[in-house]
Amino acid sequence: MILFWAFERFTRLVFLVYRNVGRGGTKAELELLPGDACRVTLKVARPWTFQPGQYAFITVPSVGLWTSHPFSIAWSHNVNETMQQDSEKGYTVSAEDVLANTTDQTNMSLIIRRRSGFTDKLFEKAERSPSGITTITAYVEGPYGGHAVLHSYGTVMIFAGGVGITHQVPYVRDLVAGYASGTVAARKVILIWVVQSPEHLEWIRPWMTTILAMDKRRDILRIQLFVTQPRSTKEIHSPSATVQMFPGKPNVDTLIEIESENQTGAMGVSVCGTGGLSDDVRAAVRKRQAVRNIDFLEQGFTW
């Protein structure tokens, strides 16, 4: 057992050094966000080809010494100024542009919610910057996970609670891009995101803007946002027929019933959120599995 432990530790150390040493090292840009959150953009010395559902262990010596902490990777993009400018201007971004991996420099982004310990210290470090943005040295170990694939489902429902959206956004982008290029079976994708406040929508706004501008997005993707603690009804407004906002918590059973009655092909239901949300989704799926072709996929929200 000791030999296995030593081998595992040695292997992790080798990959840690390979991933982060050289080419200027790995840097992390911290950006303050509303709702006690922080966007961390990792400029990895030797990045990998990202797959939806992956997570990595992050070490920031100036914050948590040599302790490592796991976080879902919410977004990955190649440094390509033309594509970034097109997205910001609202131009259509093709599936080929999204899936291409033609440059060496790849940035990976996380959303970290302020809690106690490491995340609190990380947030405080970003707060000390006058601009709310600071760059520090970091080390990335990974990737791990990314084994769940949703390509074979004709109908996909994706539930997220709070910062659990970080696990789900890559699947949404992957399915929309795959639909446009004809490489996935998905014909309907429904994203249901439950947040406490509208300001939490800022966490993924730039990434969602990119997704909404993707080719054929309107043909496949619908988004339902549920705000459980709005300050007033004026905060609740639906931008379009495919992006809708509602006050309160969703009736999970009703939402799944509506989609399962009109599902196209096999149906996959994925959830990443609080225990209560996961329980509701699990119960709604299980009561229908005897009569419908429907699978349940759960991503743990805590460690």
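1. In this predicted model, Asn293 touches Gln263, Ala266 and Met267 when residues up to four places away in sequence are not counted. Asn293 sits in the loop that runs between helix H10 (275-286) and strand S14 (294-298), and with a relative accessible area of 49% it is partly exposed, a value to be read with care because the class called exposed begins over 50%. Asn293 and Arg282 are 11 residues apart along the chain, and their C-alpha atoms are separated by 15 Å.

2. Two residues other than glycine deserve a check of their backbone angles, Leu65 with a positive phi of about 50 degrees and Lys216 with a positive phi near 65 degrees. Leu65 belongs to the loop between H2 and S4, and it counts as exposed because its relative accessibility is 61%. Lys216 is placed in the loop between helix H7 (205-212) and helix H8 (217-220), where its relative accessible area of 40% makes it partly exposed. As background to this point, most residues other than glycine have a negative phi, and most peptide bonds are trans.

3. The peptide bond that leads from Gly142 to Pro143 should be looked at in the same spirit, since it is cis, with omega near 10 degrees. Pro143 is located in strand S8, which covers residues 139-145.

4. Which residues of the largest nonpolar core have the most contacts inside it? They are Ile158 and Trp193, in a core that has 41 residues. The elements that each give two or more residues to this core are strand S9 (155-161), helix H6 (165-181), strand S10 (188-195), H7, strand S11 (221-227) and strand S12 (243-247); of these, H6 gives the most, with seven residues. Once its neighbours within four places in sequence are left aside, Ile158 is in contact with Leu150, Gln168, Tyr171, Val172, Leu175, Val189, Ile190, Leu191, Ile192 and Ser270. A second core, separate from this one, has 24 residues, including Phe50, Ile58, Val63 and Val140.

5. The buried residues of helix H5 (118-127) are Phe118, Thr119, Leu122, Phe123 and Ala126. Seen down the helix axis, these residues fall within an arc of 130 degrees, and therefore they line one face of H5. The general reasoning is that an α-helix has 3.6 residues a turn, so residues three or four places apart point the same way. Among the elements that cover the buried residues of H5 are S1, strand S2 (37-43), helix H2 (61-64), strand S4 (69-72), S6 and strand S7 (133-137).

6. How many cavities of 30 Å³ or more does the model contain? The count comes to one, and the space in the largest cavity is about 40 Å³. Its lining consists of Ala28, Leu30, Val40, Ile58, Val60, Phe71, Leu110, Ile112, Phe118, Leu122 and Ile136, and strand S1 (27-33), strand S6 (106-113) and helix H5 (118-127) are the elements that give two or more residues to it. By class, the lining has 11 nonpolar residues, with no polar and no charged ones. Phe118 and Leu122 thus link two of the points made here, for they are among the buried residues of H5 and also among the residues that line the largest cavity.

Conventions: Residues numbered from 1 in each chain as written. Predicted model: local features only at pLDDT ≥ 70, side-chain atom pairs only at ≥ 80, totals over all residues. Heavy atoms only, no water. 1 Å grid on protein atoms, 1.4 Å probe; cavity = no way out; pocket = protein on both sides within 12 Å on 5 of 7 lines; lining within 4 Å. Points joined across faces, edges and corners; volume = space filled by probe spheres on them. Helix = DSSP H or I, 4+ residues; strand = E, 2+ residues; numbered from the N terminus. Nonpolar A, V, L, I, M, F, W, Y, C, P; charged D, E, K, R; others polar. Buried < 20%, exposed > 50% of the residue type's maximum accessible area, 1.4 Å probe, protein only. Arc of directions from axis to C-beta. Contact = heavy atoms within 4.5 Å. Core = buried A, V, L, I, M, F, W, Y, C linked by side-chain atoms within 4.5 Å.
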